[in-house]
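I opened the notebook with two things to look up. One was the surroundings of the ligand; the other was unusual backbone angles.

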Amino acid sequence: MGTLWQRLSTLTGKSFKTCLCLSPKHQWWIFRKTVQKGKLMDFTSTVIIPLLFGSVGIFALFRLLQWMRMRAYLQEAVVVITGATSGLGKECAKVFHAAGCKLVLCGRDSEKLQDMVQQLSTVTNHRKKTHKPHTVVFDLSDTKTVLNAAEEILKYLGHVDILINNAGISFRGTIVDTGLDVDKKVMETNYFGPIALTKALLPSMIKRRKGHIVAISSVQGKISIPFRSAYAASKHATQAFFDCLRAEVEQYDIDVTVVSPGYIQTNLSLNAVTADGSRYGVMDKNTAEGQTAAEVAQVVLSAVGQKKKEVLVAGLTPSLAVYLRNLCPRLFFTLMAERAKKERKAKAS
Ligand SMILES: NC(=O)C1=CN([C@@H]2O[C@H](COP(=O)(O)OP(=O)(O)OC[C@H]3O[C@@H](n4cnc5c(N)ncnc54)[C@H](OP(=O)(O)O)[C@@H]3O)[C@@H](O)[C@H]2O)C=CC1
Ligand SMILES: CCCCCCCCCCCCCCCC(=O)OCC(=O)COP(=O)(O)O
């Protein structure tokens, strides 16, 4: 028993005398609890803590390797960005330039493109070599100029590592009032133009067995909301085309990333076309309160760097709406009909 009291005293930290004064039942209870606590502490210090530190270490190492791989992938890569004169394209140009890519900035306005080149030239990165971007002027809704642009890009740079199909226009209007020419214009810009450019650059990527094609789609490539028919249709077509492409070109080690953002603070609503083909010219509340283009550009950069197959970059409601459309379509359609009624009423008043 003497040894039990001595052990009890050491384990509990109580004096030998105090331990002697306790009832045997109490002593036994304290002894058992203390041994259990000791075992738990032993288990914590020999298993849980090393496991925790080990996992954190492995995770940090994994992230470091991922970051290094991404850095190497982007450094010196030839990256073509369409719609580089505004909004998301402009911000993508900034982040890919800072990552050391050789950029080809595309747009319809050569002055705006030159401004962009100027802006990027003033950015200095002490840790990374940056390159002066090239510019190519063409209109995505004119297939001939798209094909010429692809030829020009390949002639001057030899190859394309990453193509970012970003340029696009949106639409506002009812289906019944919209002329087919407007539907065609939106489809030409958002769908036929990007696929023409993709098809023109694809053979050279296949030949090199290397390349990465990015499509900037939208949440509206996954769900359709009222008064956006042409836009939502063009983005659904984009999603479908690039999903097919991803499957077909995997054998050539070519990657395809589809990015589907929610509202972004850009000029998209201002530049949207309406039912009669005129410019909408209104900064919508949803657009003005959206994510910043710089935030989304960072997501695009890391999605490309990590060769992700697709990313949804949206808040809770649009993300839930995508799930609702698939899991409970009837409820989704009812909500959309309500939304249409509400918007009509608001316009009428
Ligand atoms: N803003 C948003 O809420 C969201 C945007 N997106 C998508 O992001 C992409 C970028 O749009 P965003 O930055 O928001 O909008 P902006 O209107 O700010 O930019 C659109 C860009 O596309 C270019 N563009 C438009 N039409 C043509 C054409 N026919 N030929 C060549 N270039 C053209 C414009 O160039 P130019 O200077 O020549 O007009 C401009 O650089 C689009 O695909 C859009 O659908 C997706 C989800 C949400
Ligand atoms: C279980 C709860 C589910 C809640 C879901 C309710 C459904 C609410 C509908 C939400 C609709 C979200 C639409 C988002 C649209 C969007 O983000 O589009 C991005 C764009 O491309 C913007 O282009 P636009 O020209 O429309 O400004």
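The entries below cover the ligand shell, then two loop residues.

Entry 1, ligand shell. I noted that the model is predicted. I then looked up what surrounds ligand 1 and found 30 residues. Which of them come nearest? I listed Gly-83, Gly-87, Arg-108, Gly-168 and Thr-266.

Entry 2, shell make-up. I sorted the shell around ligand 1 by residue class. The split is 9 nonpolar, 17 polar and 4 charged.

Entry 3, helices at the ligand. I checked which helices supply at least two residues of the shell around ligand 1. I found helix H4 (87–98) and helix H9 (268–271). H4 gives the most, with 3 residues.

Entry 4, Asp-253. I turned to the backbone angles. Asp-253 is not a glycine, yet its phi is positive, at about 60°. I placed Asp-253 in the loop between helix H8 (229–249) and strand S7 (254–261). Why does Asp-253 count as partly exposed? I counted 13 C-beta neighbours inside 10 Å of Asp-253. A residue is exposed at 12 or fewer and buried at 20 or more, so a count in between makes it partly exposed.

Entry 5, Lys-307. I looked up a second positive phi. Lys-307 has one of about 50°, and this residue is not a glycine either. Where does Lys-307 lie? I found it in the loop between helix H11 (293–305) and strand S9 (310–313). Lys-307 is partly exposed because 13 other C-beta atoms lie within 10 Å.

Terms used
Residues are numbered from 1 along each chain as its sequence is written. Chains are lettered from A and ligands numbered from 1 in the order in which they are written. This is a predicted model: local features need pLDDT of at least 70, side-chain atom pairs count only at pLDDT 80 or more; totals for chains, interfaces and linings use all residues. A residue is near a molecule or strand if its C-beta atom, placed from the backbone, lies within 6 Å of it. Helices (H or I, at least four residues) and strands (E, at least two) are DSSP runs, numbered from the N terminus. Ala, Val, Leu, Ile, Met, Phe, Trp, Tyr, Cys and Pro count as nonpolar, Asp, Glu, Lys and Arg as charged, and the others, Gly among them, as polar.
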